[in-house]
Amino acid sequence: MADVVQYKLERMLDELDGLEQHGLFSRREIAEIVKQRRKFEYRLQRPCPLKHDFLAYVQYETQLGALRRLRKKSVAHQLKKQGNKKLNKSKSDFARLIRIMDIYELR
């Protein structure tokens, strides 16, 4: 069970690194995201996960995505004021949707 959770968390590294590099989240916030995702992944790996576990994970990812979008708009606005280019699309733009679809497929 721990191997599966660790594997899933390792697959998130590129996404989380991108969030930090673009300045959307601090290192401390990313550590908290990892902590929450680990907690949810362990809940889903139980012998009989509850429906509430799946829904809570999806809700967390949805709220995190909304926060990421708001911060991305703010950073993009600041870059525009400085005369820099727009933010390029990154893996984190799509990873949240793929993760939510994977959660629904587990059920």
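Contact here means heavy atoms within 4.5 Å. With that settled, here are the legends for the close-ups; the model is a predicted one.

**Figure 1. The whole chain is built from helices.**
Five helices and zero strands make up the secondary structure, and reading along the sequence gives α-α-α-α-α. The C-alpha trace spans about 55 × 20 × 20 Å along its principal axes. Of the 107 residues, 36% are buried. Take the contacts with a separation of 6 or more: 70% of them join residues 24 or more positions apart.

**Figure 2. Helix H4 from end to end, with Arg69 and Gly83 picked out.**
How far apart should the ends of H4 be? At 1.5 Å a residue, its 32 residues should span 46 Å, and the end C-alpha atoms sit 47 Å apart, so the two values agree. Arg69 is one of the residues of this helix. Is Arg69 buried, exposed or partly exposed? Its relative accessibility is 41%, and because buried needs a value under 20% and exposed a value over 50%, Arg69 counts as partly exposed. Look back along the chain to Ala56, 13 residues from Arg69, and the two C-alpha atoms are 20 Å apart. Just after H4 comes Gly83, with a positive phi of about 85 degrees.

**Figure 3. Phe40 pairs with two tyrosines.**
Searching the whole structure turns up two aromatic pairs. Phe40 and Tyr57 make a stacked one, with 5.0 Å centre to centre and 10 degrees between the planes. This pair ties together distant parts of the chain, since Phe40 is in helix H3 and Tyr57 is in helix H4, 17 residues apart. Are these two rings on buried or exposed residues? Phe40 has a relative accessible area of 6%, so it is buried; Tyr57 comes out at 0% relative accessibility and therefore counts as buried too. The other pair, Phe40 with Tyr60, is tilted: 5.5 Å centre to centre, with 40 degrees between the planes. Again distant parts of the chain are linked, from Phe40 in H3 to Tyr60 in H4, 20 residues apart. Phe40 and Tyr60 are both buried. Put together, the ring pairs link Phe40, Tyr57 and Tyr60 into a cluster.

**Figure 4. Helix H5 and what covers it.**
H5 runs for 15 residues and reaches 21 Å from its first C-alpha to its last, close to the 21 Å expected at 1.5 Å a residue. Which residues of H5 are buried? They are Ser92, Asp93, Ala95, Arg96, Arg99, Ile100 and Ile103. While you look at that list, keep the helix geometry in mind: an α-helix has 3.6 residues a turn, so residues three or four places apart point the same way. The cover over the buried residues of H5 includes helix H2 (13-21), helix H3 (27-44) and helix H4 (51-82).

**Figure 5. The largest pocket, with H5 along its lining.**
This pocket has a volume of about 300 Å³. Its lining has 14 residues, and those nearest the centre are Arg11, Met12, Ile98, Arg99 and Asp102. Two or more lining residues come from each of helix H1 (2-11) and helix H5 (92-106). Which helix gives the most? That would be H5, with seven residues. By class, the lining has seven nonpolar residues, seven charged ones and no polar ones. One of the residues nearest the pocket centre is Arg99, which also appears among the buried residues of H5.

**Figure 6. The largest cavity, lined by residues that include Ser92 and Arg96.**
Rolling a probe the size of a water molecule over the atoms shows where empty space is left. How many cavities of 30 Å³ or more does the structure hold? There are two, and the largest has a volume of about 50 Å³. Around that largest cavity sit Glu15, Leu19, Arg37, Glu61, Leu64, Gly65, Arg68, Ser92 and Arg96. H2, H4 and H5 each supply at least two of the lining residues, and H4 has the largest share, four residues. By class, the lining divides into five charged, two nonpolar and two polar residues. Ser92 and Arg96, both in this lining, are also among the buried residues of H5.

Conventions: Residues numbered from 1 in each chain as written. Predicted model: local features only at pLDDT ≥ 70, side-chain atom pairs only at ≥ 80, totals over all residues. Heavy atoms only, no water. 1 Å grid on protein atoms, 1.4 Å probe; cavity = no way out; pocket = protein on both sides within 12 Å on 5 of 7 lines; lining within 4 Å. Points joined across faces, edges and corners; volume = space filled by probe spheres on them. Nonpolar A, V, L, I, M, F, W, Y, C, P; charged D, E, K, R; others polar. Expected span 1.5 Å × (residues − 1). Buried < 20%, exposed > 50% of the residue type's maximum accessible area, 1.4 Å probe, protein only. Phe/Tyr/Trp six-rings, centres within 6.5 Å; stacked < 30°, edge-to-face > 60°.
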